[in-house]
Amino acid sequence: MKQLIFLALSFLTIQASSQPSGKDILNLIDKNLAAKTRIMTAKMVISGARGSRTIEFNSWSEGENKAYTEYTSPAREKGTKMLKMEDKLWIFSPSTDRIIQITGQMLRQSVMGSDLSYEDMMEDPAMANHYNASVTAQDTADNRKCWILQLNALKEGEAYEVRKIWVDQERNIPLKEELYGKSGKLLKRTSLTDVQKIQGRWFPMKMIFKDMLRSGDGTQFIISSIKLDETIPDDIFSKASLK
Amino acid sequence: MLAFKLAYKNLVGAGLRTWLNVFVLSLALVIIVMTWGIVEGWNVQAKHDMKEWAVGGGEYWNEKYDQYDPLSLNDGHGSIPPEIAKLCSSGEAVPVLITQATAYPGGRMRNILLNGIDPSQQIVKMPTSVMNGDTSVINAIIGTRMAKATKLSVNDMVSIRWRDAKGTFDATEIRIAGIFHSNVPNIDINQIWLPLDELQKMTSMKGQATYIILKQGMTSAPTVPGWIHKGYDVLFEEFDRVIKAKHASSSVVFLILLSLALLAVFDTQVLSIFRREKEIGTYIALGMTRWQVVWLFTVEGAMHAVLSVVAGAIWGTPLLYLLSKNGFAMPKGSEGYGFTLAEKIFPVYGAGTIIITAVVIMLATTIVSFIPSRKIARMKPTDALRGKAQ
């Protein structure tokens, strides 16, 4: 009997030590996804009540605070450019030939009719800085074994007080994320699929964003090509590049 | 006096020509008075509606709030000071809290403003008491414009998402407890009204407000630190600008209308002088000076205006009276213009407007009559008598 108890305790100890802490998982995710620079060609497929439409674009980003996007298709959006610098966002529309800064109420508007708002794009994605993470359970997502990570905001004022992330146990990559309001209401859900190895890191090439309060099937974000840690000229991240 | 008698006889003698000129001038007079009346009626009605529905007897704004700057909503709120709280508890004021939010009517995203107001308030006409109903949900009211734009009806549930004072998102479902019809678009377009205490809870802004509406007729407004009293001069500033622009655009139309009428008088004068050369020569031969004859013709022309005022009063008064009683219906769709505008405007005619319009028409007609009459002063009486002066 004593031997049985010893064996059971030993097994539990092994299990406990094989489960990394939430903070460790967050760090692993950041390590896997974080890159000094990213250059990508991607498209957004926005599904709504009246069907779907596709918007193609090229994007350059450096760290988390600088990003420049140029829309290439459809013809109506072609030439539209967006620049994010720290906490400021500007957009250039060729039809009006003007640069406008997106502020206040405008930040809450959807980007090109998608399930993403401008303020979603302004968020700092380094979650370890803002959330306390704990592993709450194990589950499967996209047929992969996952840790379910619950993130609770470290301080008041985070956009989402609670987040849940399904993290691939093997590849340390999030496969699903749910964002909750203060009252616990599910507000947004993101699914990350088509994980590929890019320059030695696992990277999701397809993401589906869904505003849970909005009708429709959400917005697909499909990356067709991505280069990590390439040098980007400084002038890309300047207002001059918008025109 | 002789000039007036002669002028009157000549005018009446000219028959239809005179009466046509008189009618055209009276038409200009009546249309000008009517249009000014409609603009003034709009001004009076709109301000009355704004007082009844939105601004009461004036407002106190949080010092960081500016209704024309949506960015000010983030910081433009604060605890209701005791001086104002006293007014609120005695029913002389009502606090309003505003926050930006997103509504999802029918699953579509729409940027809105959530306004919190005490459901039992009596300061403004909004039917806020219906928000006191079913306590298991948050009851809200919206205006007809908002209901039309969002296709929401009474008892419909709609999801809303907002950020609290610190910036954290939350969402819930609210019930549309009532839909009100108001001529004031500011309280309607993209606005949802909720009970104040609910919105304070939702946004973690307990005891706070963005602005305070005072009861109509409040004559004194105490100075409150951190809050700025806004009188009608500020609250109606934007609307006054619209009215001013409307006056300016109407004046152009009046000018065109009056010019056409005066052109008819001018033509009549020119024709009179041309056809009545022998008469002019006879007047001078009988001892009138040339300037006395000029005066006679000028008075004759100016008398068109006097007769037009009389004619305008005869046919215009019942018409204008009927219009002021039955109102002037605004075209369909005018609700969406974005400024306070009733479905029917009841014109308001000021004595000053009527007198000034009549005087302007008389002066303009006199000047227009005098210009061609000056020619008489240069006529040779002998040539005039033979009808060969021109």
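This passage walks through chain A, its contact with chain B, and one helix of chain B. The model is a predicted one, so everything here is read from computed coordinates.

Chain A is built with 3 helices and 13 strands. Of its 243 residues, 27% are buried. Looking at contacts in chain A with a separation of 6 or more, 42% of them join residues that sit 24 or more positions apart.

A handy residue to zoom in on is K185(A). This lysine lies in the loop that runs between β10 (174-180) and β11 (186-198) of chain A. K185(A) counts as partly exposed because 16 other C-beta atoms are within 10 Å, a number that falls between the limits of 12 or fewer for exposed and 20 or more for buried. Although 28 residues separate K185(A) and L213(A) in sequence, their C-alpha atoms are 9.9 Å apart in space. With neighbours within four places in sequence left out, K185(A) is in contact with Y180(A), and also with D170(B), A171(B) and T172(B) from the other chain.

Zooming out to the contact between the chains, chain A puts in 20 residues and chain B puts in 18 residues. On the chain A side, these residues split into 4 nonpolar, 9 polar and 7 charged.

Over in chain B, helix α8 covers residues 277-285, and its buried residues are I280(B), G281(B), Y283(B) and I284(B). Looking down the axis of α8(B), the buried residues fall within an arc of 155°, so they line one face of the helix. Just after α8(B) comes G287(B), which takes a positive phi of about 115°.

Key
Residues are numbered from 1 along each chain as its sequence is written. Chains are lettered from A and ligands numbered from 1 in the order in which they are written. This is a predicted model: local features need pLDDT of at least 70, side-chain atom pairs count only at pLDDT 80 or more; totals for chains, interfaces and linings use all residues. Helices (H or I, at least four residues) and strands (E, at least two) are DSSP runs, numbered from the N terminus. Two residues are in contact if their C-beta atoms, placed from the backbone, lie within 7 Å. Ala, Val, Leu, Ile, Met, Phe, Trp, Tyr, Cys and Pro count as nonpolar, Asp, Glu, Lys and Arg as charged, and the others, Gly among them, as polar. The arc is that of the directions from the helix axis to the C-beta atoms.
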